[in-house]
Amino acid sequence: MIDIRLLRNNPNEVISSIARRGIDTTQLYKAIELDSSLRSITAQRDKVRAEIKLISKSVGQAAKNLDQSSIEALRQESRQLGDKEQELDRQVEQIDKALRSILLATPNIPAIDCPDGAGAQDNVILRTWIAEKGIEAEFDPSLYFDYQRVPHWEIGDALGLLDLSRAAKLSGSMFGLYKGKGAALVRALNQFALDLHSELYQEIHPPSFVRSETMVSTGHLPKFSDDAYYMERDDLWAIPTAEVPLTSMARDEILSESDLPMRFCASTPCYRREAGSAGRDTRGLLRLHEFNKVELLAYATPSQANQVHQEILSSAESILQALKLTYRVVDLCTGDIGNSAARTFDLEVYAPGCDMWLEVSSVSWFSDYQARRANIRYRPNSSEGKKSPSFIHTLNGSALAWPRTWAALVETYRQSDGSIVVPEILRPYMKGMERISFD
RNA sequence: GGAGGGAUGGCAGAGCGGCCGAAUGCGAGGCUCUUGAAAAGCCUUGGGUUAGUAGCCCCGUGGGUUCAAAUCCCACUCCCUCCGCCA
């Protein structure tokens with residue numbers, strides 16, 4: 001949620017910033033009007049309330065003096081004021097509700113240095129890391145051999161690592177089913193990523209079903225309810241990402257500045273209805289309703305946020321480098337960043353078999369947008385006098401989403417004989433296995 | 001699923017319908033004393049709204065009774081204990 005005071009005091013600045021997303025901002029002008037009438041009517045109501053309180057006290061006095069006639073008079077007066085108060089309060093509630101629903105639907109203000117753009121085509125590629133050379137360089141498709149130009153679903157089928165037709169039998173399209181060494185490979189990836197990060201990030205194993213309030217905190221509700229799975233019987237939502245529970249852990253809490261930044265990692269299943277993307281990326285593992293990923297998330301003070309953002313980015317990059325996969329870092333433009341984010345870097349890994357750059361991580365800074373919704377604050381260190389609590393900043397990034405990483409990995413590591421070499425770093429997690437070949 | 005008990009400030013824990021935004025203890029911060037520290041003493045210390053140390057709101061949430069609700073009534077949510085069932 002954006003700060004209503006910021007909007008009130010700098011309306012033009014805020015509105016033009018949000019307009020950089022290329023969305024309609026007329027509702028924000030309405031919000032400003034609602035806010036000003038809300039404040040004036042609230043003031044009127046509070047004045048009436050103050051009167052009522054005074055009268056009530058005099059009734060107490062009169063009762064002590066057994067002054068029946070003045071008690072009755074005061075009661076009359078108070079009742080009349082009560083009617084007035086109720087009417088004003090009704091208006092306050094109505095306006096407040098209208099204002100709130102606009103604010104909840106309003107996306108975050110993009111960061112100043114977030115590049116302008118209308119959509120994915122305007123994203124800025126910051127750098128490309130070439131696994132074969134172990135350095136940042138120009139991408140060169142000729143580095144790949146013909147035997148790497150086989151899509152992962154064919155590889156998975158040939159080596160018996162994937163069984164997508166049975167997955168479809170069980171659950172329909174866009175579900176995965178890994179088998180044998182294919183399953184072991186996902187497990188290895190997961191374990192490896194958690195081990196790599198558990199020094200810096202505290203490991204959490206959160207629930208994967210959450211209440212509505214939890215989804216609202218991160219901005220996944222109310223606007224994007226169609227994208228999530230909902231269990232009506234129990235009024236619970238299946239999480240679309242570990243960001244949801246990890247962010248809400250500190251909901252309604254006041255943290256102390258000396259504990260910040262706080263860093264967490266979690267491996268969870270992620271559930272997405274993909275309502276708006278029917279027919280897109282339907283082959284293989286590129287788009288699934290259920291997948292696993294390891295998520296990194298941090299709570300920080302506003303002044304720490306930028307550094308922590310870079311830190312999470314390099315943590316995520318370090319996995320791809322360790323796996324020796326080619327990837328690029330993309331700075332998402334204002335037209336492409338998510339609603340709650342102020343700045344986002346995507347990591348896209350190159351999958352030679354499909355000849356596609358696959359988004360495997362999205363590292364975002366949410367400024368105080370989520371913290372405001374979730375009411376997560378911190379108390380500044382009291383060295384310079386007393387300061388009241390203010391909102392923290394939240395940041396997160398997928399440490400990696402497994403299906404797409406798995407896909408890029410088997411395509412990249414395919415050999416001329418059709419087998420797959422297991423990346424060295426994963427071998428300890430695969431009982432030392434060096435190669436996945438035909439059984 | 002059944003039966004009980006509970007929900008108050010960072011934590012613990014009081015609170016006859018008006019004198020309660022709330023005792024007390026702990027914790028935290030500041031000061032005094034001290035070479036320094038400890039101990040001791042003194043003072044301060046919930047959140048929100050607002051230009052505001054004014055007013056108003058917040059004692060799980062939502063309703064109700066009343067001139068007046070933390071306190072009475074109703075509903076709901078959550079937590080704890082016991083029983084049953086089950087990984």
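**Helix packing, RNA contacts and sheet pairing**

In the predicted model, the crossing in which helix 7 passes helix 10 is right-handed. Helix 7 covers residues 180–197, and helix 10 covers residues 302–322. The axes of these two helices come within 11 Å and cross at roughly 130°. Helix 7 and helix 10 are therefore oblique to each other. A further contact of helix 7 involves helix 12, which is formed by residues 402–412. For this pair, the axes come within 11 Å and the crossing angle is roughly 115°, so helix 7 and helix 12 are roughly perpendicular to each other. Helix 7 also passes helix 12 with a right-handed crossing.

Another packing arrangement is formed by helix 3 and helix 4, whose axes are 8 Å apart and make an angle of about 160°. Helix 3 is therefore roughly antiparallel to helix 4. The crossing of helix 3 past helix 4 is left-handed. The residues of this contact between helix 3 and helix 4 comprise 19 nonpolar, 9 polar and 10 charged residues.

Helix 3 and helix 4 also take part in the surface near RNA strand B. At least two residues of this surface come from each of helix 1 (4–9), helix 3 (26–64), helix 4 (68–105) and strand 13 (377–379). The greatest contribution is that of helix 3, which supplies 8 residues. Around RNA strand B there are 18 residues, of which R8, D46, S56, S78 and R377 come nearest. Of the RNA atoms that come within 4 Å of the protein, 78% belong to sugar and phosphate. By class, the surface near RNA strand B consists of 11 charged, 4 polar and 3 nonpolar residues.

Individual polar contacts involve both the phosphates and the bases of RNA strand B. An N or O atom in the side chain of R5 is 3.3 Å from a phosphate oxygen of the RNA. A phosphate oxygen also lies 2.8 Å from a polar side-chain atom of R79. At S56, by contrast, the contact is made by a polar backbone atom, which is 2.5 Å from a base nitrogen of RNA strand B.

Strand 13, which contributes to the surface near the RNA, is also part of an open sheet of 3 strands with the order 7-13-14 and mixed pairing. The edges of this sheet are occupied by strand 7 (254–256) and strand 14 (390–391); each has a single partner strand, so one side of each is left without a neighbour in the sheet. Strand 7 pairs with strand 13 in the parallel sense through 3 bridges. Within this pairing, L255 is placed opposite Y378 of strand 13.

An open sheet with the order 4-6-5 also contains 3 strands, and its pairing is antiparallel. Here strand 4 (209–210) and strand 5 (230–231) are the edge strands, and because each has a single partner strand, one side of each lacks a neighbour in the sheet. Strand 4 is joined to strand 6 (residues 236–238) by 2 bridges in the antiparallel sense, with F209 standing opposite A238 of strand 6.

Strand 1 pairs with both strand 10 and strand 2. The pairing of strand 1 (residues 124–130) with strand 10 (residues 327–331) is antiparallel and extends over 5 bridges. D331 in strand 10 is the bridge partner of V124. Strand 1 and strand 2 (residues 135–136) likewise run antiparallel, joined by 2 bridges, and W129 is opposite E136 of strand 2. The hairpin of strand 1 and strand 2 has 4 residues between its strands, and G134 in this hairpin adopts a positive phi near 70°.

Backbone geometry was also examined in the loops that flank strand 8. Most residues other than glycine have a negative phi, and most peptide bonds are trans. In the model, the peptide bond from L260 to P261 is cis, with omega near 0°. P261 belongs to the loop between strand 7 and strand 8 (262–271). E274, a residue other than glycine, has a positive phi near 55°. E274 is located in the loop that lies between strand 8 and strand 9 (290–300).

Key:
Residues are numbered from 1 along each chain as its sequence is written. Chains are lettered from A and ligands numbered from 1 in the order in which they are written. This is a predicted model: local features need pLDDT of at least 70, side-chain atom pairs count only at pLDDT 80 or more; totals for chains, interfaces and linings use all residues. Side-chain values use heavy atoms; hydrogens and water are left out. A residue is near a molecule or strand if one of its heavy atoms lies within 4 Å of it. A polar contact is a pair of N or O atoms within 3.5 Å; within protein, one must be able to donate a hydrogen and the other to accept it, and residues adjacent in sequence count only if both atoms are side-chain atoms. Ala, Val, Leu, Ile, Met, Phe, Trp, Tyr, Cys and Pro count as nonpolar, Asp, Glu, Lys and Arg as charged, and the others, Gly among them, as polar. Two strands pair if DSSP finds at least two bridges between them. Axes are lines fitted to C-alpha atoms, for helices over the stretch in contact, and angles run from 0 to 180 degrees between N-to-C directions. Angles under 35 degrees count as roughly parallel, over 145 as roughly antiparallel, 65 to 115 as roughly perpendicular and the rest as oblique. A crossing is left-handed if the near helix is turned anticlockwise from the far one by less than a right angle, and right-handed if clockwise.
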